[in-house]
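Take a walk through this fold, one element at a time. Keep the sequence and the 3D view side by side as you read.

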Amino acid sequence: MKNLVFLGPPGAGKGTQASRISESLSLPHISTGDILRASIRNQTEIGLKAKAYMDAGNLVPDEIVIGIVKERIAQSDCANGYILDGFPRTLAQAEALDTITTITMAVNIDVDGEKLVKRLSGRRVCPACGETTHVSNYDKPECPKCGVTLIQRVDDNEDTIRNRLAVYNKSTQPLIDYYSGKGILKEIDGFQDIDKVTSDIVDAING
């Protein structure tokens, strides 16, 4: 049984790695945003409760999100395990999660904050075709695919990035301490080649 939680700051490649490991180990990659939308689309009882909060512009309470996660991991494709991406986000959510399932490993994709700022603030995106480049390896203002002027996304602004990291660190450090205290935390260096990060995670899981 491999019940995994993936942790990592914005820009660490958590979602990318979760997708890769999901394919490599044949484990469902569960994003809470995705299952929230699926529960609403399928009009489950919990999904309808969540929709009422979302329609009113309010955050969905923890107990409802936990209920949705419980619904999802009870499905047959999770019989041999799963990867939770983006949940839990807080210590309270982690403690609630422990009442419905047993997490066997928490994978923390760790990247130094200053390196993340450099990585994210250097991203440029084409508003026409969606091509993403980085100033460290492509210094022209035009998209290499279609020639449209590249832009920097609002959330890739340095001040915004630093704020996102501060918020993440404040809410997630207790999670890292929590899973470390349980002896199930694996630290992965996220500032490596993407394939090396993947192989390190697979080695940690299978080790």
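S121 is buried, with a relative accessible area of 18%. The cut-off for buried is under 20%, so S121 counts as buried. This is a predicted model. S121 belongs to helix α6. Setting aside neighbours within four places in sequence, S121 is in contact with Q152, D156 and I161. One of these partners, I161, leads into the interior, as it is part of a core of 22 residues that also includes V107, L165 and I205.

Now compare a residue in a loop. T104 sits between α5 and β4. Its relative accessible area is 33%. Buried ends at 20% and exposed begins over 50%, so T104 is partly exposed. Beyond its neighbours within four places in sequence, T104 touches M1, K2, N3, L4 and I184. G47 lies elsewhere: T104 and G47 are 57 residues apart in sequence, and their C-alpha atoms are 27 Å apart in space.

Next, the sheet. Five strands make up an open sheet, in the order β2-β3-β1-β4-β7. Their pairing is parallel. The edges belong to β2 (29-31) and β7 (185-189). Each has a single partner strand, so one side of each is left without a neighbour in the sheet. On average, neighbouring strands are turned by 25 degrees against each other, direction ignored.

What surrounds β1? Five of the six residues of β1 are buried, so this strand is largely enclosed by the rest of the structure. β1 pairs with β3 in the parallel sense over five bridges. V5 stands opposite L84 in β3. β1 also pairs with β4, again in the parallel sense, over four bridges. Here the bridge partner of V5 is A106 in β4. Follow the sheet onward from there. β4 (residues 105-110) pairs with β7 over five parallel bridges. In that pairing, V107 has K186 of β7 as its bridge partner.

V5 and L84 also take us into the main core. Nonpolar side chains tend to be buried together in soluble globular proteins. The largest nonpolar core here has 27 residues. Those with the most contacts inside it are V5, L7, L84, L97, I103 and Y179. Which elements supply at least two residues of this core each? They are β1 (2-7), α2 (32-41), α4 (62-73), β3 (81-85), α5 (91-97) and α7 (158-181). α4 gives the most, with six residues. Look at L84 for a close view of the packing. Not counting residues up to four places away in sequence, L84 touches L4, V5, F6, I30, V69, L97 and I103. The other core, with 22 residues, is separate from this one.

Finally, turn to the empty space. The largest pocket has a volume of about 540 Å³. It is lined by 22 residues. Closest to its centre are G11, G13, T16, R119 and I194. Which elements give two or more residues to the lining of the largest pocket? They are α1 (14-25), α6 (113-121), β6 (132-134) and α8 (194-206). α1 gives the most, with four residues. The walk thus returns to α6, the helix that holds S121.

Technical notes: Residues are numbered from 1 along each chain as its sequence is written. This is a predicted model: local features need pLDDT of at least 70, side-chain atom pairs count only at pLDDT 80 or more; totals for chains, interfaces and linings use all residues. Side-chain values use heavy atoms; hydrogens and water are left out. A nonpolar core is a set of buried Ala, Val, Leu, Ile, Met, Phe, Trp, Tyr and Cys residues joined through side-chain atoms within 4.5 Å. Buried means under 20% relative accessible area, exposed over 50%, partly exposed in between (1.4 Å probe, protein chains only). Contact means heavy atoms within 4.5 Å. Two strands pair if DSSP finds at least two bridges between them. Axes are lines fitted to C-alpha atoms, for helices over the stretch in contact, and angles run from 0 to 180 degrees between N-to-C directions. On a 1 Å grid over the protein atoms alone, a cavity is a set of points where a 1.4 Å probe fits but cannot get out, and a pocket is an open set with protein on both sides within 12 Å along at least five of seven lines; lining residues have an atom within 4 Å of a point. Grid points are joined across faces, edges and corners, and a volume is the space filled by probe spheres set on the points.
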